[in-house]
Amino acid sequence: MREDVPNLVDGSERPPAGGDWLEKVAPADGRPLYRFARSGDEDVANAVAAARRAQPAWAAETPVARGDLVREIALTLRERRDELSELVAAETGKSMALARGETEAAIEMGLFVAGEGRRLYGRTTTASMPHRSVMAVRQPVGVAGLLMSFNTPLPNIAWKAFPAVLCGNAAVVKPSEEVPASALAFARIAHECGLPAGVLNVVQGLGHEAGAALVAHPDVDLVSFTGSAETGRAVNEVAARRLAKVCLELGGKNALVVCDDADLDGAVRWALASAFSNAGQRCAAASRLVVFDAVYDDFRERLLAGATALEPEPVISEASLERLLEALERAQGEGAAIAAGGTRVGDRGWFLAPTVVEGAARDAWLSCTELFGPVTALYRVRDLHEAIEVVNDSPYGLTAAIHTASVHRAMRFSEEARAGVVVVNGGTHGSEPHMGFGGVKGSGTGWREAGTEALDVYTDWKYVNLVTDPART
Ligand code: NAD
């Protein structure tokens, strides 16, 4: 077993106050990897206090200096990308190719955010009274509680920690209990690069223990959460009671539409990648494939052949595999059929064969519930009108894609699909570092992460009203 994974509070690595540790096993083969801290109220309180102490001096640094440090962290992540990717691959069970791609994405986010140190633009505006100068400037929110999902460990922390510290906040990170070592590695590198003690703290542990304590802590000014809608709702209820700023980035039940004029090879390729990459554990995964009647049988045949030929990837835990198998039982009980996959693969690690479900009603439980695994469902529609109805008939609205040769259909879809991201002739996927990402309806509360939009999460606007000639006012 490797070394234990502790907390990192006020610049130093600490065991949990209660002395309890949890075991992490490898999703690929179930072997024990390491122990990690099971933190509670006291650990969270210590981390929040450290962040509170560190924040004013950090905010007093210039944004340029903070940006320089963010760049240094990103460049060090790049130097150490092989070692980091290996850690991610071990914790999540994903391939090295995927892990490397994600590490690059985290680095790119750092480089993009670093540049904001030399922008962080505000605005100047007019006033109704003469001899006044009015400007809007960004100020840090204060102490940020950052909570996140397990699925892409380094980008998930990079998307929050980089803009949080660039904007002059101090942060307490509660990583997913499925990937504690990646978060510690990120924070260690940040400190090695010179990030002052207390600016970025990591408290490991379970969601309903360390996570809940962080969300409830009265000294946390901003809660930025990425995870499931169910947890997000609970987080929002607690944080709203004390009127904290809350940014929620939640799940999806993303649809990919295949029209009768689509390039079917391209549509199948993108559908397979969108539904099954990272074992379907992507908020943007295509879990609904909405196909025109005229090409349904052809598309279905190619999709099933492709899904059956895919090498299965493990899901994150045994509990997740059991949950997925139960969900498939339930879907079948409600009239759906398994067209491909549907079974566990092997008896070591947590593998579900890439699964295609057919015949689920549009409003069936399966059609409205995010499974977060390698499961997608086929829906047959007459035309674009019905396709858009199916796409929008969902509690979620994160991403949507359409495959068509018609610019008119593409435009109509991008106008009418209720989603935060629309892709034409590609997969359902997230954004690049310079593009805001987030969804509508149950996929979030209207904030966008990444892009300059992220600055709105991690700063508050202040309007400065300056009388420039007191003698004449
Ligand atoms: P989850 O909701 O189970 O957990 C997310 C985080 O919340 C974890 O760190 C967990 O420990 C913590 N948590 C759990 N209960 C808590 C509580 N009561 N109080 C405070 N924190 C608590 O989600 P998951 O299984 O880790 O991730 C999968 C979900 O994340 C999916 O719904 C997926 O769509 C979503 N996701 C969304 C985005 C996005 O940008 N919109 C990106 C990635 C993942």
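**Exercise 1.** How many disulfides does the structure hold?

*Solution.* The model is predicted. Start with the bond itself. A disulfide is a covalent bond between the sulfur atoms of two cysteines. Here the count is 0 disulfides. Take cysteine 193 as a check. Its nearest cysteine sulfur belongs to cysteine 167 and lies 19 Å away. The cut-off for a pair is within 2.5 Å, so cysteine 193 is in no disulfide.

**Exercise 2.** Decide whether cysteine 193 and cysteine 259 are buried or exposed.

*Solution.* Buried means under 20% relative accessible area. Cysteine 193 has 16%, so cysteine 193 is buried. Cysteine 259 has 0%, so cysteine 259 is buried too.

**Exercise 3.** Place leucine 466 in the structure, then class its exposure.

*Solution.* Find strand β21, residues 459–467. Leucine 466 sits in that strand. Its relative accessible area is 40%. Partly exposed covers the range between buried, under 20%, and exposed, over 50%. Leucine 466 is therefore partly exposed. Leu466 also joins Met135 and Val137 in a nonpolar surface patch of about 210 Å².

**Exercise 4.** Does the radius of gyration of the protein chain agree or disagree with that of a compact globule?

*Solution.* Begin with the chain's 473 residues. A compact globule of that length would have a radius of gyration near 23 Å. The protein chain has 23 Å, so the two agree. Now add the box: the C-alpha atoms fill roughly 75 × 60 × 40 Å along the principal axes.

**Exercise 5.** Describe the make-up of the protein chain.

*Solution.* Count the elements: 15 helices and 21 strands. Then turn to burial: buried residues make up 55% of the 473. Last comes the accessible surface, about 19,000 Å², with 51% belonging to carbon and sulfur atoms.

Notes: Residues numbered from 1 in each chain as written. Predicted model: local features only at pLDDT ≥ 70, side-chain atom pairs only at ≥ 80, totals over all residues. Heavy atoms only, no water. Buried < 20%, exposed > 50% of the residue type's maximum accessible area, 1.4 Å probe, protein only. Patch = residues over 30% accessible without salt bridge, like charges linked within 9 Å, V, L, I, M, F, W, Y side chains within 5 Å. Areas by Shrake-Rupley, 256 points an atom, 1.4 Å probe, with all protein chains shown as cover. Salt bridge = Lys/Arg side-chain N within 4 Å of Asp/Glu carboxyl O. Helix = DSSP H or I, 4+ residues; strand = E, 2+ residues; numbered from the N terminus. Rg over C-alpha atoms; globule rule 2.2 N^0.38 Å.
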